[in-house]
Structure formats: C-alpha cells, structure tokens
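User: I have a model open and would like to know how its labels are earned. Could we go through some of them together?

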Amino acid sequence: MPKRYLFLFLALAALAGKVPAAYAAGEQVVTYCIDPDWMPYEAMRNGKHIGISADYLDVISKLSHLKFELIPTESWQDSLAAVESGACMVTTMINRTPSRSHFLNFTTPYIEVPNVLVGRNGTPMVQGFEGVGNRIVGVVSGFRHAEYLARYYPDLLTEYVDSEVSGLQKLSKGDIDLMVGSLMGVYSAINAHDFSDLQIVGFAEPFDMLSFGVNKNHAELVPLLNKAISSIPESRKVDIYKRWNAVRQVKQGRYGFVLGIVFIAIALVAVAAWRKRVISSYQRQISQKNDEIESLQSSLLEKNRTLEFLSTRDEVTGLYNRNYFMQKAEEEISRHLRFQSPCTLIAIEITENGNKLRAGAQTDSLCKRLTSACLTTVRDVDITARCEPDKFMILSPQTTLAAGDSLANRLLECLKAEADPTIIFITGVAELQSGQRYSEWNDDLNRALSASRRQGGNVVALAE
C-alpha cells in the first residue's frame, strides 16, 4: 500500500472499531514527547526517558505492539508545542483542558495525581484556592493549573515559572508566597534539592487525571492505547507506584509529617480504586441503559462546548473574538492597578500592497492560513484574537515593551513566510501605562500602527 494512503486506511479502520494489521504486527513507530523535568512522573536523564510514564510506556508498548520513539525537548512548554504542531504524535502525561482539546484527542486516564499547595515553614494551612487570599501563587507555565486558575480564579495573583523545581526555588527565596504542584513531584524536588524550609500547607483542586494526549492527525492511536491501558494488571500499577514513590526518600526528621501525607495519598488512591470497581460492576449490570444515557450526555456536552466556543471564538479562524479579548484586557488592567504587573498589546493589520483588505471569503481564507503561524509563535499564556476581518491582536500578560517587541518581530517573520509577497503587515506594540484605561491603551497602539504604516509596513513600531 502506498504510504500516502496508509493514514487514511488507519483512520477508517479506527472508525470501524478494528485494529489494522500493521499495528498488530508492530510496524508503526509512534513518536512522543515528555516533560523533561517532572520527577518522579517523567524526566530526561542522560538522554533517557525515566519515571512513572516510562514504566507505563514500556508496559503499553508490549500490550499494543507499538514502537515508541522519544523526541527530546528542553521543557514542558517545548513538548506541548511539539505535539500541537505534529513534531511528535503523542505526549505521555497530560490533563484534558478546553484549549488542548482543539488539537489533541485524549485516552482514558491511567493515573490520578493529587495536587498540593506548598508554603514556607510557618505558613498556616490553606483550604484550596479559596483560602489563598492576596498571596502570590507560583504555577508552571503550560500546566493545566495555569489555564484552570485563569478561567475560574481570574482575580488570584499568579506568577508563571518554568518548572516545579524553579517555582520551589522562588518560594524558598520568598519571591512568591505559595506554589501549586503535584504531591509526588513536590516531595521529589524537596528531597533532591533539600528545601528544608518548605512544607505542604493544603491540597489544591482539581486532582490531575493524566492520560495520553494524541495529535488529532493520529486519532487512530487512541483506541489502541485505550485497549492497552485497560489491560494493564492492577498489580503492575501498584509496582510502578511503589518504585517511584519518592516520599520514602525524605529525611528522617520529617517522617511523621510525611507519613501522614503518604497515608492520605494512599487512602485517596484506595478510595478511587474501590469506587472504580463498584462503578464497573454497576455498569456491567445496566450496560444497555448506561450506553443510552452516555450517548445523550455526550450529545448535550458537545452542544454546550459548541455554544461556549461560539460565544468566545471567531467562527472562521477559531481564535478568540473581540468581546472576549476586551474582557481579558480589562482584567489585565485591573491586575496592573493592583500589582503593577506589566502587560503588552500587539496588533497586526493585514493589507495588500498597503491597501486595507475587504471582508469576504478571500480575506477569511488568508486569515485561516495565518492563524496557525500565530498560535505556534505566541505563548500559552498569551490571548490571541481576530478583532476585525483583517486584524489580529495579542494580549501578553507579564510582558514588558521590550519583550513584546521581540515577540512581535518573531510573529511578523512567521506571518511573512506564510503569505504572498503582496501581503504587507502593519504591526504595532504598546505597553500598558500606569492609570491608563483600555481606550487610552488602544490609542497608543493605534499610534504605533500609524508609525508602522508610514514606514511602509512589514516593520514593528513601538508606542512612544
């Protein structure tokens, strides 16, 4: 069979619920990315994949006859970008979120991970995010909690860090007040780096339900992975957990507190396992009716997701729309008033030989092509919107004018590479100034756009 027809054949076979013979024979190489510094869950050490996900991947490879090939990356943010762009086909440990669902399909979760809040010694217990108050919370950029806090706790003061270890280092120095992280990851980092001045001060919702994230171009892998995950013996899962339970390595003087946390974690895992067995038994007894209910629930959930998407997204490109963008800009202005955190606006107007594009199918088609370049260039924390038929805008929190200038230039180069030579991009950058309202901030941005237009376009102009 010619190679160009192979993926079409696999996709049709997946829809029919059948496993192609090529997979059964172990002929398919599946490239994957990991978080290179998230012990004990997964990490890169001397070019080798280690951790809990590595052990699960070894078992799944034997059960599914798939050959997994690691694509090395420097950070979790790089891994997320790689699986989104298709540079790797799957990522091994990821939570389902609304934004990730646009480019990933997810397998059945295979491990549940409690999350905790960490503070310095003497910090009182915190009852979830509702009890954080005015404290600064560190969160790993690109992790599920970055999106979760922005969506459900927009007023919470957060600071993005590159990894759990770097966040704990900032916490130890007093640069932040709390750090949210996974239970075993936090204890592994505390043990490895001797953060004796830190302690767990509470649990953080929601717990992580980690599964494989599969690039939508390789959706045929999902049923194969799900079949392998469901076939893993419970005894093997327990062995993996015991092997990587880093809590055992904490120094002797802290055993009492650590054992209490371990007991709670084991109890939660035991309750989850018992609940799973009870639900499985119940589902076997009423499988037919349960299938009907799940079908209705899936239909309703899909409609709700569609409504949510349409209310905040541009229907042509899938980017955020003007109303959502302005709402987020007002939130950043409020944050700036309270904490003086920097924030930058970037605007890109698309013209043809210097003339404004007209709204229509041709402009929509061009914007669709340019959208991918935008999304692969901006950060996860940035808000990208199509505010007018020929205008993209990017809201960059925690970003100075100089950093915004650098981001705008990278984005401009990517857009120029995707467009015809007749397309000219008018690009401006404006940093939020103290006491400004959105209208004043936007006026600064328009002046920057006028400066770029006077220079003939395809240059980035900064607001003075």
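User: What covers the buried residues of helix 5?

Analyst: Happy to help, and please keep in mind that this is a predicted model. The cover over the buried residues of helix 5 includes strand 8, strand 9 (137-140), strand 10 (158-161), strand 11 (178-182) and strand 12. Helix 5 spans residues 144-152, and its buried residues are R144, H145, A146, Y148 and L149.

User: Why is T31 called buried?

Analyst: The cut-off for buried is under 20% relative accessible area. T31 has 15% relative accessibility, so T31 counts as buried. You will find T31 in strand 1 (residues 29-33).

User: What is T31 in contact with, leaving aside its neighbours within four places in sequence?

Analyst: The partners are E69, I71, A87, C88, M89 and V90. A contact here needs heavy atoms within 4.5 Å.

User: What makes strand 15 "mostly covered"?

Analyst: Five of the six residues in strand 15 (residues 383-388) are buried, and that earns the label.

User: How do you know that strand 15 and strand 16 pair?

Analyst: Pairing requires at least two bridges between two strands. Strand 15 and strand 16 (residues 391-397) have five, in the antiparallel sense, so they pair. One example is A385, whose bridge partner in strand 16 is M393. A hairpin of two linking residues joins strand 15 to strand 16.

User: What makes strand 2 and strand 3 a pair?

Analyst: The same requirement of at least two bridges applies. Strand 2 and strand 3 (residues 42-45) have two bridges, again antiparallel, so they qualify as a pair. D37 has A43 as its bridge partner in strand 3.

User: Why are strand 2 and strand 4 said to stand at the edges?

Analyst: Their open sheet has three strands in the order 2-3-4, with antiparallel pairing. Strand 2 (37-38) and strand 4 (48-50) each have a single partner strand, so one side of each is left without a neighbour in the sheet.

User: Which residues have the most contacts inside the largest nonpolar core?

Analyst: I52 and L168 do, in a core of 65 residues. Not counting residues up to four places away in sequence, L168 touches V118, M179, V186, A189, I190, F195 and L198.

User: What makes the largest cavity a cavity, and how much space lies in it?

Analyst: A cavity is a space where a 1.4 Å probe fits but cannot get out, so the label is about being closed off. About 190 Å³ of space lies in the largest cavity. Of its 21 lining residues, W38, N95, F143, R144 and D208 are the closest to the centre. R144 is also one of the buried residues of helix 5. The largest share of the lining comes from strand 11, with three residues. By class, the lining has nine nonpolar, six polar and six charged residues.

User: And the second largest pocket: which element gives the most to its lining?

Analyst: That is helix 10, with 14 residues. This pocket holds about 1300 Å³ of space and has 39 lining residues. Nearest its centre lie Y110, E112, A272, A273 and K276. Other elements that give two or more residues include helix 3 (52-64), strand 8 (111-120) and helix 7 (183-193).

User: How many residues of each class line the second largest pocket?

Analyst: The lining has 26 nonpolar, six polar and seven charged residues.

Terms used: Residues numbered from 1 in each chain as written. Predicted model: local features only at pLDDT ≥ 70, side-chain atom pairs only at ≥ 80, totals over all residues. Heavy atoms only, no water. Helix = DSSP H or I, 4+ residues; strand = E, 2+ residues; numbered from the N terminus. Core = buried A, V, L, I, M, F, W, Y, C linked by side-chain atoms within 4.5 Å. Buried < 20%, exposed > 50% of the residue type's maximum accessible area, 1.4 Å probe, protein only. 1 Å grid on protein atoms, 1.4 Å probe; cavity = no way out; pocket = protein on both sides within 12 Å on 5 of 7 lines; lining within 4 Å. Points joined across faces, edges and corners; volume = space filled by probe spheres on them. Nonpolar A, V, L, I, M, F, W, Y, C, P; charged D, E, K, R; others polar.
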